[in-house]
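This report describes selected structural features of one protein chain, intended for reading beside the displayed sequence and structure. It treats strand pairing, an aromatic contact, a pocket and several loop positions in turn.

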Amino acid sequence: MIKETVSGIRLRIIGACSKIDRDPSKIIIVAVSKTRTTQVIKEVTEAGITDIGENRVQEAFAKYNELRTMNYELGTIKWHMVGHLQTNKAKDAVKIFDLIQSVDSLHLAQEIDKQASKINKIQDILIEVNTSGETTKYGVKPEELTVLINSVSELNNVRVKGLMTVAPVVDEPEKARPYFRILRELKDKINGLSTMNHELITLSMGMTDDFEVAIEEGSNMVRLGRALFEG
Ligand SMILES: *Cc1c(COP(=O)(O)O)cnc(C)c1O
């Protein structure tokens, strides 16, 4: 059943891409499996999804280990941390996550850098931006992004791959468009800076209710929970 759901989502991604002449194969689907079982992680990866998102380090760890003891082939799965990361969890986070999407302070980036260096890892991260200004949301303020990225870029064991945002809950997807646009414009701006020694590639934006609009605005990584698991 998940197979059909995944096919349906891929068709919707193709539809969104065709509107703006983008290549649908460039859009990564991160299946956000928080609160769901390892069984559904197995199913979704068997349906061709290669990226799994979790929002708590402990929960991700438990599932990772459970799948490993089941001798499930984890080699091709990429693990994404999409929830807020506390500094004291950075040590565990660097052990399993391929991409930590929720970095929003220099302090956190420094701790990730420190822990990653201990295990000889270059940890890929995204900077989370609070594009809506909602006080309930995590993320760096847009006006503080350049300074943060310049500082983080000096750390040896983290690599900033791009930006992430969580749009506000709105009653129709179209209303989320301005926030996605803000993130894309920030990426373009940062990439245009002479101080940047590498390019930001990833724009992680778009969830179940708004992923097509996010793709139209330049997303190349959508994070889907309900669309996959309740679809
Ligand atoms: C839960 C979650 C998602 C997935 O949400 P859905 O609306 O179920 O698609 C995406 N991103 C983050 C950060 C989440 O916490």
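Two strands are taken to pair if DSSP finds at least two bridges between them. The coordinates come from a predicted model. Under the pairing rule, strand S6 (residues 158-164) and strand S7 (residues 202-204) pair in the parallel sense over 3 bridges.

**Strands S5, S6 and S7**

Strand S6 also pairs with strand S5 (residues 123-128): 6 bridges join these two strands, which run parallel. Within this pairing, Asp124 has Arg159 of S6 as its bridge partner. The connection from S5 to S6 passes through helix H6 (residues 145-152), and this β-α-β crossover is right-handed. On the S7 side, Leu163 has Leu203 as its bridge partner. Helix H7 (residues 177-191) takes part with S6 and S7 in a β-α-β unit that is likewise described as right-handed. As for solvent exposure, S6 is mostly covered, with 5 of its 7 residues buried.

**Strands S1, S2 and S3**

Strand S2 (residues 51-54) is bridged to two other strands. To strand S1 (residues 28-32) S2 is joined by 3 bridges in a parallel arrangement, and in this pairing Ala31 stands opposite Ile52. To strand S3 (residues 78-81) S2 is joined by 4 bridges, and these strands too run parallel. Here Gly53 has His80 of S3 as its bridge partner. The chain passes from S2 to S3 through helix H3 (residues 57-69) in a right-handed β-α-β crossover. A right-handed β-α-β unit is also made by S1, helix H2 (residues 38-46) and S2.

In a regular strand the side chains alternate between the two faces of the sheet. In S2, Asp51 and Gly53 point one way, while Ile52 and Glu54 point the other way. Which of these residues are buried? All of them are, on both sides of the strand.

The pairings and their bridges are collected below.

| Strand pair | Bridges | Direction |
|---|---|---|
| S1 and S2 | 3 bridges | parallel |
| S2 and S3 | 4 bridges | parallel |
| S5 and S6 | 6 bridges | parallel |
| S6 and S7 | 3 bridges | parallel |

**An aromatic pair between H3 and S3**

A pair of aromatic rings is described by the distance of the centres and the angle of the planes. The count for this model comes to 1 aromatic pair. Tyr64 and Trp79 form this pair, with 5.6 Å centre to centre and 70° between the planes, an edge-to-face geometry. The contact links distant parts of the chain, since Tyr64 is in helix H3 and Trp79 in strand S3, 15 residues apart. Are the two partners buried or exposed? Tyr64 has a relative accessible area of 19% and is therefore buried, the cut-off for that class being under 20%. Trp79, at 2% relative accessibility, is buried as well.

**The largest pocket**

Rolling a probe the size of a water molecule over the atoms shows where empty space is left. The largest pocket holds about 430 Å³ of space. Of the 20 residues lining this pocket, the closest to its centre are Lys34, Val82, Val166, Met207 and Arg223. The lining is mixed in class: 7 residues are nonpolar, 7 polar and 6 charged.

**Loop and helix positions**

Two residues other than glycine have a positive phi: Asp21, near 60°, and Asn120, near 55°. Asp21 lies in the loop between helix H1 (2-20) and S1, and Asn120 in the loop between helix H5 (106-118) and S5. The relative accessible area of Asp21 is 73%, so this residue counts as exposed. Asn120 also counts as exposed, because its relative accessibility is 74%.

Glu73 occupies the loop between H3 and S3 and is exposed, with a relative accessible area of 58%. The C-alpha atoms of Glu73 and Lys42 are separated by 9.3 Å, although the two residues are 31 apart along the chain.

Ser7 belongs to helix H1. With a relative accessible area of 42%, Ser7 is partly exposed. Between the C-alpha atoms of Ser7 and Met81, which are 74 residues apart along the chain, the separation is 25 Å.

How values were computed:
Residues are numbered from 1 along each chain as its sequence is written. This is a predicted model: local features need pLDDT of at least 70, side-chain atom pairs count only at pLDDT 80 or more; totals for chains, interfaces and linings use all residues. Side-chain values use heavy atoms; hydrogens and water are left out. Buried means under 20% relative accessible area, exposed over 50%, partly exposed in between (1.4 Å probe, protein chains only). A crossover is right-handed if, with the strands pointing away from the viewer, the path from the first strand over the helix to the second runs clockwise. Rings of Phe, Tyr and Trp (its six-membered ring) pair if their centres lie within 6.5 Å; planes under 30 degrees apart count as stacked, over 60 as edge-to-face and the rest as tilted. On a 1 Å grid over the protein atoms alone, a cavity is a set of points where a 1.4 Å probe fits but cannot get out, and a pocket is an open set with protein on both sides within 12 Å along at least five of seven lines; lining residues have an atom within 4 Å of a point. Grid points are joined across faces, edges and corners, and a volume is the space filled by probe spheres set on the points. Ala, Val, Leu, Ile, Met, Phe, Trp, Tyr, Cys and Pro count as nonpolar, Asp, Glu, Lys and Arg as charged, and the others, Gly among them, as polar.
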